[in-house]
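Work through the following exercises with the sequence and the model at hand. Each task is followed by a solution that proceeds step by step.

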Amino acid sequence: MEMETEYFECQCDCSEHVLRFVIDPDSGDVWSEVYLNHWHPWYQRLWIAIKYVCGRKSRYGAFDCTMLRLEDYPRFNSMLDRSAAILQASRGALK
Ligand SMILES: [Zn+2]
């Protein structure tokens with residue numbers, strides 16, 4: 001079967017905050033994909049990467065956020081329900 005894809009836009013309309021969810025219709029697994037922004041020039045990103053490789057953590061983390069739109073809640077719930085149904089059928093009861 002073909003993968004199912006759902007896109008959810010952020011309340012702020014920023015295209016960088018769009019979340020892409022993919023459901024494997026065979027296994028029921030769901031994964032999300034997010035856009036990774038390039039906020040810094042290349043030399044700062046290189047410095048951040050070196051610190052990351054060396055295991056240093058930023059005290060602020062490397063996060064951004066997406067605020068789901070109220071009108072997307074039913075579609076989001078439906079996506080998770082479909083995933084749960086497939087998982088339940090293939091792996092047994094969910095806790
Ligand atoms: Zn946003």
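**Exercise 1.** Determine in what order the 3 strands form the open sheet, and in which sense they pair.

*Solution.* In this predicted model, the strands of the open sheet are ordered β1-β2-β3, and their pairing is antiparallel. β1 (4-8) and β3 stand at the edges with a single partner strand each, so one side of each is left without a neighbour in the sheet. Neighbouring strands are turned against each other by 20 degrees on average, direction ignored.

The next step is to go through the pairs. β1 and β2 are joined in the antiparallel sense over 5 bridges, and E4 has I23 in β2 as its bridge partner. Strand β2 (residues 19-23) is in turn joined by 4 bridges to strand β3 (residues 30-33), again running antiparallel, with V22 bridged to W31 in β3. The hairpin of β2 and β3 has 6 residues between the strands, and G28 takes a positive phi there, near 85 degrees.

**Exercise 2.** Place the helices relative to the strands, and test whether the end-to-end span of helix α1 (residues 42-53) agrees with its number of residues.

*Solution.* Start with the order of elements, which from the N terminus on is β-β-β-α-α, giving 2 helices and 3 strands. For the test, the 12 residues of α1 at 1.5 Å a residue should span 16 Å, and because the end C-alpha atoms are 16 Å apart, the two values agree. α1 is hardly covered, since the count of buried residues among its 12 residues is 0, and α1 is followed by G55, whose phi is positive, near 85 degrees. Helix α2 (residues 73-91), for its part, lies across β1, β2 and β3, and runs at about 25 degrees to β2.

**Exercise 3.** Compare the radius of gyration of the protein with the value from the globule rule, and say what follows from it.

*Solution.* From the N terminus on, the chain of elements is again β-β-β-α-α. Its radius of gyration is 17 Å, well over the 12 Å that the globule rule gives for 95 residues, so the protein is more spread out than a compact globule. Along the principal axes the C-alpha trace spans about 50 × 30 × 25 Å, and buried residues make up 1% of the 95 residues. Of the contacts with a separation of 6 or more, 47% are accounted for by residues 24 or more positions apart.

A last step concerns confidence: the average pLDDT is 88, with 95% of the residues scoring at least 70, while confidence is lowest in α1, at a mean of 90, and highest in β2, at 96.

Definitions and conventions. Residues numbered from 1 in each chain as written. Predicted model: local features only at pLDDT ≥ 70, side-chain atom pairs only at ≥ 80, totals over all residues. Expected span 1.5 Å × (residues − 1). Buried ≥ 20, exposed ≤ 12 C-beta atoms within 10 Å, placed from the backbone. Rg over C-alpha atoms; globule rule 2.2 N^0.38 Å. Contact = placed C-beta atoms within 7 Å. Pairing = 2+ DSSP bridges. pLDDT = per-residue confidence, 0-100. Axes fitted to C-alpha atoms, helices over the stretch in contact; angles between N-to-C directions.
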